[in-house]
Structures are given as C-alpha cells and as structure tokens.
Amino acid sequence: MRTRIQHTLTMLICLAYAPWSMAALGAGPDSVDADQLHFKSERRDSVQSGYQTHELTSPTGTVVREYTDATGHVFAVSWRGSHLPDLRQLLGVSYMRFTAAAQVPHGGHTALLVHDNDLVIESTGRMRSFAGRAYLPGAMPIGVAQDAIH
Amino acid sequence: MRLKSLISLGLFAILCGCGGGGGGGSSDTTTTTAATNTACGTVKPAVPNSGDINVQPIVVSASINGTGFVNTLTTTIKVCAQGSLVNCKFVSNVQVDTGSSGLRMPNSVVSVLNLPRLSGANGEYGECVEFADGLVWGGLAAVDVYFTNGAAALNINMQVLNDGPSAGYASGSDGVDPVPPAANAAEGDPGCDSGLEDSVTALGANGIIGVGLFNQDCGTDCAGSLVPQTYYQCPAGTNCLETLMPTNIQVSNPIIFVPTNNNGVILELPQISVAGAESVNGNMVFGIGTATNNVLAASTPVLAVADTGQGAGSFAVTYNGQSGILGFFDSGSSVYFFADSSIPSCTTNTGFFCPSSQITRTLTATGVNSVGGTLSVTLENADGLFAANTNFNAFNDLGSPINSLSISGFDLGMPYFFGNSMYTGFESQTNVTPNGPYFACAPNP
C-alpha cells in the first residue's frame, strides 16, 4: 500500500512536471514533442540519410533543431536566434555540464565551450544574435559528421 | 596557476595557464599584422588630447582576479545615485564591451549607494540578461555616470546584478533586488536560471559598460511583445511575471546619453609585441565625426551590419572558401574565435590555438552595404606565450578554436584591437553613410 501511494505520488509529480523535466539532448522519442510544447513552437520535421531533424520555431523567432536517430533518440541539438532558447530544457542532463563550465572562472560571456569526448557544447553569441549546438559524439549515427549539425 | 581546460571565453578575458610547458617559440621582435587589411582604412584619426571631454582612458592590465585572465579591457567611471553629486562611487576595472549594450554591476560594487530599484505598476522590475554562457539577473536603478574628463550620462537605467543570497533575493524593499523568476508554465516562461555569473569574481570585473552597436540591450523586441528570459515585473512575495518594456526605460548604452559626441565610439590601443605586454593604455573616444579627434576618413571602408534578424550586428565573412559566415569585432572577446582544423590546439592551455610558429590567416569581410575587403589575423603558440612571460596580460595573437564557422561565425576579438582605431557606429545614427549600426577600422593614432 505504502509503495503504491509513493508510486502514485511519483506519477503525479512526474505528470505535473512533465513538460519541464523532459530533456531534449540524450532523451527519447517523446522529448521532441515535449520541447515543441515547452517552446510553444511551430514544428517542421524532415528525414535525412540516417537521421531526422525536427525544427522548432518559437514565437520570438528562435529556431531550435533537434536531431534524432533511427530509434528516435536525440543525439544533437542546435539553436539560433535573437534570444537564447531555454538551455536547461534543451540540454537536458547535459545542462549540468554547461553550468559547471560556466562556474569555472572563465573568459567571458561571448562563448561557452565544452569539448569533451562524450559531449560537445558550443554556445556563442552576443546580445540580439545567439547560436550554438550540442551533441553527443558517442551517440552520432554512423556516417553522420559533426558538420551536419548546424 | 595551471589551466585544465579553457572552458569559455569571450566578453571578458581568458584564462591563461601560466607556468605551462613547452610550445612554440615566441620571438621578441615587434611586428604588426601587416599583410592585407584592405577592409580597414589607412588614415589615422588625430591623436586625442588627454583632457578632451570626449576622451576616456582605457587599459588592458592585470585582471581584478589576478593572474589568469588576459586581454581584459577596462576603464574607471564614477557612478552616482541619480540626481546626487555626493552619493557617488568611483568604480575601476569596469569592462569595456562593444558586444553588449548597457551598464551592469554586481550589487556588492554599488550597494554603498543604496540605489532605489525601479518599479512598474506590478512591482519592481527585474531583468534576465542572456549571455552565451548563461543568464544574469538583477534589478534596475537610475544613476548618473561621470567619465574622466567631465562628460556625463545622466539619469540612465543600469542593471544591478544579484551576486549572492546574502546580497539580495528578498523581494520588495528598496535597494534589494527581487528573486529571480521560477519557471512559469502558464506563460511558457523558463524562469531565469541565473546566479552563476553575477559576482565580481565570475565577471572578472567590477561591472560591464556595454558600448555596443545597439541603443538598448533588448530593443523593440521587448517593447512590443513578451519575451522569455528578458524583462519582468515582480509583485512582492510572488513569482515575477514577464513584462513589456518600453525602450526608453530599458538598460541602454550609456554613450547615447552623452551630449554631442553620442553616435558611436572609437577604441584606440597601440600595437604591442607579438610576445605580448604587461599592460597597455589607450583611449575610448566618444562620437564619430563629431569633433576633430574622432574623424572617420572618407577613404575608410564602413562595414554596415544588419540591425535585426539572425545576422544582427554582423558583417559577412568568407574564410577558407566558406562564405556566408557571420563576422564581427568585439572588445569583450579576449581572443579570436573561429574554426580552422588545420591549426593545432594547445596541449597545456587547451582551448587555445597553438601553431608551431607564428601564422597569419586572411579573411574577407563585407558589410551589408557591400563594402569590404580583407582582414588578416596573426596567431602565436599560446603555450609558448604564456610560459615565456607569466606576468603579461595583453596579447595580439591569441585564438580559440570553435568547430563550426556556420554556427558560431568568426569573432574578431581583442587581439585585433591592438594597433588599430576600432569604430563602433550606433544604430539609427545618420551622420555617416551608411547609417548605423556599422563597424570601421583604421590605424591607431
């Protein structure tokens, strides 16, 4: 009984936070839908060789692209626009790596770079013009080069 | 101090791993980025008199954080509570940034002034400012800013950055900023996940004076529609709500409020050795073509930049055969940022370029007015430079690799500013053709 209540509570909490807690980068097939809802975006899907792209355009004009493999998992994201997207949502669990990098005394605000074997984040830009991308090198479908993420 | 990895850089400075090993040789010979710079003019502006009212001293020297940051361009200003001649503070080490607009200082820097925060009908204003490496949060306050030679920007709205739970985060009363907004599903607002970059230590400076291309930080976007992660009103005791923000009360470029010489700035720094320098003094001249000391020669190319859209603030760059790259000059970027897989990265100071010897690369820059030419950038081996002179803070030949030109563009940061007069023409200004916003460059006087 107790377990069941806890389970139900957990379910409720998950439901209540669903649009906010579902991550994009590294997450499963549902996450693109969650992000579309989250960013209140118009969406355009297209199929490439070996992967799909899902382009979400927010009301403020920021364009987010999510790249999914054959199983629907998001292996890369990119963004560009006059305003940043919600990077916490978009980067999912990798957002912790972003904030960790930001907390290390560093050179400034025009770029934040994470170049690790398992994660690449390149967030760049100035007021009114931002662009960036993040990808999981180990999750890239075979034959897809990093240049494809743009 | 040893650098594990260069995580990010840009607006402020760069972490350099001093005491690192090896690397390519740096020579002591003085050189300039001679090569080809046809996108820059050849006519120097006049040497400004040190007492001219539109001249503000600027300096690249040891960072406020001590060893480790390089190419941090700063100045000293006097900040007063609006309307007061006595409730004032001289603030040094304020970073001069042509890549942003508006004055921002951590609360700890200006708390002695007890500045009242500005409020709207629904509570105190709060602003979430977007930088590429995260968000900063704070309230707004009206101040008078006095420059060294008497020029003043009166009654301007600055942002006071929260810099820790002890300094604020209690809503409502004057001099204390509201709590950053939490996520608000009803508004589709992600909140402001700030707090990482708000302190003097995190900034590497006592504040930022943004003297960039645009009059305000957000502009008409925020005046006409609700934009997440920008302006908020914060009713006492509850979550902040997104708000429309008229441009006349947004945090604005202070120079547009200076009398007469208010249509742009010129940053003038002398050339330095390829080995670097401990400190470099120069001037920021207010105005372009408004006085004898800020002439823009007719022969100097003027690179107009887009004022809206994705290319806002950028001209077009062609590099290594790739066209359509967004390019820009930025005093807030400590190094050049661009992609070139043919140039090795450093092994000690990872995150910097480390060519085996000095190299020069050339790009083509073209304004939206189709005016342009070539620009050349010089790179040295960062491991070698940092090891050779651990007390140096200024370098004209540092770069950092980013993997994608198509996304991140070509960032012509501080190294390019040495030896040049760098013009930043403000938006909507019409005394120069083409009208602002624009960039231009000429030799240092």
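Me: Let's start with one disulfide in this predicted model. What is the angle about the S-S bond that links Cys218(B) and Cys222(B)?
Reply: This link is right-handed. The sulfur atoms of Cys218(B) and Cys222(B) are 1.9 Å apart, and they are joined as a disulfide. As for the angle about the S-S bond of Cys218(B) and Cys222(B), it comes to 75°.

Me: Is Cys222(B) buried or exposed?
Reply: A residue counts as buried when its relative accessible area is under 20%. The partner, Cys218(B), has 10%, so Cys218(B) is buried. Cys222(B) has a relative accessibility of 1%, so Cys222(B) is buried.

Me: How many disulfides does the structure hold over all chains?
Reply: Take the bonded cysteines of chain B and number them in sequence order: the pairing reads 1-12, 2-3, 4-5, 6-7, 8-9, 10-11. One of the disulfides joins Cys234(B) and Cys240(B), with the sulfur atoms 2.1 Å apart. Over all chains, the number of disulfides is six.

Me: How many residues apart are Cys128(B) and Cys192(B)?
Reply: These two are joined by a disulfide, at 2.1 Å from S to S. Cys128(B) belongs to strand S9 (residues 123–131) of chain B, while Cys192(B) lies in the loop between strand S11 (152–161) and helix H2 (200–203) of chain B. The pair therefore links distant parts of the chain, and Cys128(B) and Cys192(B) are both buried. Their separation is 64 residues.

Me: Why is the disulfide of Cys234(B) and Cys240(B) called right-handed, and what is its torsion?
Reply: Both of these cysteines, Cys234(B) and Cys240(B), are buried. The handedness comes from the torsion about the S-S bond, and the bond of Cys128(B) and Cys192(B), at about 85°, is right-handed. For Cys234(B) and Cys240(B), the disulfide is right-handed because the torsion is about 105°.

Me: What share of the residues of chain B count as buried?
Reply: Chain B has five helices and 26 strands. Among its contacts with a separation of 6 or more, 70% come from residues 24 or more positions apart. The accessible surface of chain B is about 14100 Å², with 52% of it belonging to carbon and sulfur atoms. Of the 445 residues of chain B, the share that counts as buried is 62%.

Me: What kind of aromatic pair do Phe329(B) and Tyr416(B) form?
Reply: The count is 16 aromatic pairs over all chains. In this one, the rings of Phe329(B) and Tyr416(B) are 5.6 Å apart centre to centre, with 35° between the planes. Planes under 30 degrees apart would count as stacked and over 60 as edge-to-face, so neither label fits. The pair of Phe329(B) and Tyr416(B) is tilted.

Me: How many residues apart are Phe329(B) and Tyr416(B)?
Reply: Phe329(B) sits in strand S19 (residues 322–329) of chain B, and Tyr416(B) in the loop between strand S24 (410–412) and strand S25 (420–425) of chain B. Both belong to one aromatic cluster that includes Phe315(B) and Phe439(B). Phe329(B) is buried, with a relative accessible area of 3%, and Tyr416(B) is buried with 3% relative accessibility. Along the chain, the pair is apart by 87 residues.

Me: And what kind of pair do the rings of Phe352(B) and Phe386(B) make?
Reply: Phe352(B) lies in the loop between strand S20 (336–338) and strand S21 (359–366) of chain B, and Phe386(B) lies in helix H4 (residues 382–388) of chain B, so the pair ties together parts that are 34 residues apart in sequence. Both Phe352(B) and Phe386(B) are buried. Their ring centres are 5.2 Å apart and their planes are at 80°, so the pair is edge-to-face.

Me: Which ring does the charged end of Arg126(A) sit over?
Reply: Within chain B, Lys78(B) lies over the face of Tyr146(B), at 5.1 Å from the ring centre. Arg126(A) instead reaches a ring of chain B, and its charged end is 3.5 Å from the centre. That ring belongs to Phe328(B).

Me: Which strand of chain B do the buried residues of H4(A) pack against?
Reply: In helix H4 (residues 95–103) of chain A, the buried residues are Tyr95(A), Phe98(A), Thr99(A), Ala101(A) and Ala102(A). Their arc around the axis is only 160°, so they are on the same side of H4(A). The face turned away from that buried side carries the exposed Met96(A) and Gln103(A). Besides helix H3 (87–91), strand S5 (111–115) and strand S6 (120–126) of chain A, the buried residues pack against chain B's strand S10 (134–146).

Key. Residues numbered from 1 in each chain as written. Chains lettered and ligands numbered in written order. Predicted model: local features only at pLDDT ≥ 70, side-chain atom pairs only at ≥ 80, totals over all residues. Heavy atoms only, no water. Helix = DSSP H or I, 4+ residues; strand = E, 2+ residues; numbered from the N terminus. Buried < 20%, exposed > 50% of the residue type's maximum accessible area, 1.4 Å probe, protein only. Contact = heavy atoms within 4.5 Å. Areas by Shrake-Rupley, 256 points an atom, 1.4 Å probe, with all protein chains shown as cover. Disulfide = S-S within 2.5 Å. Phe/Tyr/Trp six-rings, centres within 6.5 Å; stacked < 30°, edge-to-face > 60°. Lys NZ or Arg CZ within 6 Å of the ring centre and 35° of its normal. Arc of directions from axis to C-beta.
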